[in-house]
Amino acid sequence: MNIVPKKSLGQNFLLNEQIIKQIVDLGKITNDSIVMEIGPGTGNLTKEILKKKPNKFIAIEKDKILFSKLKNEFNLNVELLNQDVLKFNWENFKNQNIILFGNLPYNISSKLLIDWVRLSNLNCIFSKLILMFQKEVADRIVADVNSKKYGRLTILTEWKLEAKKVMDIDPENFFPKPKVKSSLVYFKPKREFFNFKNSRNLEKVTDIFFQNRRKMIKKPLNILFKDSERIIQKLKLNNSHRPQNLDSLTFFKISKEYEDRIN
Ligand code: SAH
């Protein structure tokens, strides 16, 4: 391979054929499917996806050199975009029910996830998302309430998505070997979810709580509300709890109160 992987673009190419097959099979691609891939890189996953003959395939690659190599290799039935996925306009893909794959660049993976959660019509853009994260981030996404890893990323994910860790993947399966373990997470957008006027209210509330992760919940509540006592009574909160003891539904309710507090 005459490619010098760029660290700045999180280039760790997945080499293990067995794992690549397993990942692509999870998509259950049919000839009706619209499939997208973020960061196709050297095309390892791309080749396997195309074997399933989806109706449409779109890939977004930021690296110009890799992009032109891919362009030469896959010409006909592939729409390749030389773009930064962080600037991609997903709203244009309403009602497409995309099956999304991505061995994501680790430096942007949680930002991307939060960008998706913010999309008001996430559940009609994607039918499933099959994504690779560094293990530490995946563990935070799927963490249980009352655990150390439970936090903002867990709650924001749970708001819009069902998330399941499929497997951990050792560094040996990539080139170059990343320093950390990776994990594959399977997401399905929820049809029904808690309704906010502005998702930033949930983001703000979880921010304040988890900046005070070790404090009892009275402290963040006092920061957020003038009448925190009323909120404690109304939502039957336990004063001695810490943020990690509140389930996501409780965070949604607190955020709703925060959103309505002016009235
Ligand atoms: N899917 C391939 C490559 C994964 S490495 C494989 O599994 O082998 C991550 C890929 O994402 C690289 O190809 C990198 O160039 C690309 N990438 C990094 N940042 C990006 C961005 N902001 N937008 C689009 N692609 C990006």
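Here are a few worked exercises on this predicted model.

**Exercise 1. The ligand and its shell**

Work out where the ligand sits, how many residues surround it, and how they divide into nonpolar, polar and charged.

*Solution.* Start with the location: the ligand sits in the largest pocket. Next, count the shell, and you get 22 residues around the ligand. Q11, G39, E61, D84 and N103 are the closest. Now sort the shell by type: nine residues are nonpolar, eight are polar and five are charged.

**Exercise 2. Backbone atoms next to the ligand**

Find which polar backbone atoms of L14, G41 and K62 lie by the ligand, and at what distances.

*Solution.* Take the oxygen atoms of the ligand to begin with. One of them is 2.9 Å from a polar backbone atom of L14. For G41, a backbone N or O atom lies 3.4 Å from a ligand oxygen. Then switch to nitrogen: a ligand nitrogen atom has a backbone N or O atom of K62 at 3.3 Å. To finish, look at the cover: on its own the ligand has 570 Å² of accessible area, and the protein covers 99% of that.

**Exercise 3. Helix 7**

Is helix 7 largely enclosed or not, and which of its residues are buried?

*Solution.* Helix 7 spans residues 152-160. Go along it and pick out residues under 20% relative accessible area, the cut-off for buried. That gives you L153, T154, I155, L156, T157, W159 and K160. Seven of the nine residues are buried, so helix 7 is largely enclosed by the rest of the structure.

**Exercise 4. S127 and N97**

Place S127 and N97, classify each by accessibility, and find the contact that links the two.

*Solution.* S127 belongs to strand 6 (residues 126-134). With a relative accessible area of 18%, S127 is buried. N97 is in the loop between strand 4 (79-81) and strand 5 (98-103), and at 40% relative accessibility N97 counts as partly exposed. The link: a polar side-chain atom of S127 lies 3.4 Å from the backbone oxygen of N97.

**Exercise 5. Backbone oddities**

Check the phi values of N97 and K28 and the peptide bond from F175 to P176.

*Solution.* First, the background: most residues other than glycine have a negative phi, and most peptide bonds are trans. N97 has a positive phi, near 50°. K28 has a positive phi too, near 45°; K28 sits in the loop between helix 1 (17-26) and strand 2 (34-38), and counts as exposed at 65% relative accessibility. Finally, the bond from F175 to P176 is cis, with omega near -15°. P176 is in the loop between strand 8 (174-175) and strand 9 (182-189).

Methods:
Residues are numbered from 1 along each chain as its sequence is written. This is a predicted model: local features need pLDDT of at least 70, side-chain atom pairs count only at pLDDT 80 or more; totals for chains, interfaces and linings use all residues. Side-chain values use heavy atoms; hydrogens and water are left out. A residue is near a molecule or strand if one of its heavy atoms lies within 4 Å of it. A polar contact is a pair of N or O atoms within 3.5 Å; within protein, one must be able to donate a hydrogen and the other to accept it, and residues adjacent in sequence count only if both atoms are side-chain atoms. Accessible areas come from the Shrake-Rupley method with a 1.4 Å probe; for residues, only the protein chains shown count as cover. On a 1 Å grid over the protein atoms alone, a cavity is a set of points where a 1.4 Å probe fits but cannot get out, and a pocket is an open set with protein on both sides within 12 Å along at least five of seven lines; lining residues have an atom within 4 Å of a point. A molecule sits in a cavity or pocket if more than half of its atoms lie within 2 Å of its grid points. Ala, Val, Leu, Ile, Met, Phe, Trp, Tyr, Cys and Pro count as nonpolar, Asp, Glu, Lys and Arg as charged, and the others, Gly among them, as polar. Buried means under 20% relative accessible area, exposed over 50%, partly exposed in between (1.4 Å probe, protein chains only). Helices (H or I, at least four residues) and strands (E, at least two) are DSSP runs, numbered from the N terminus.
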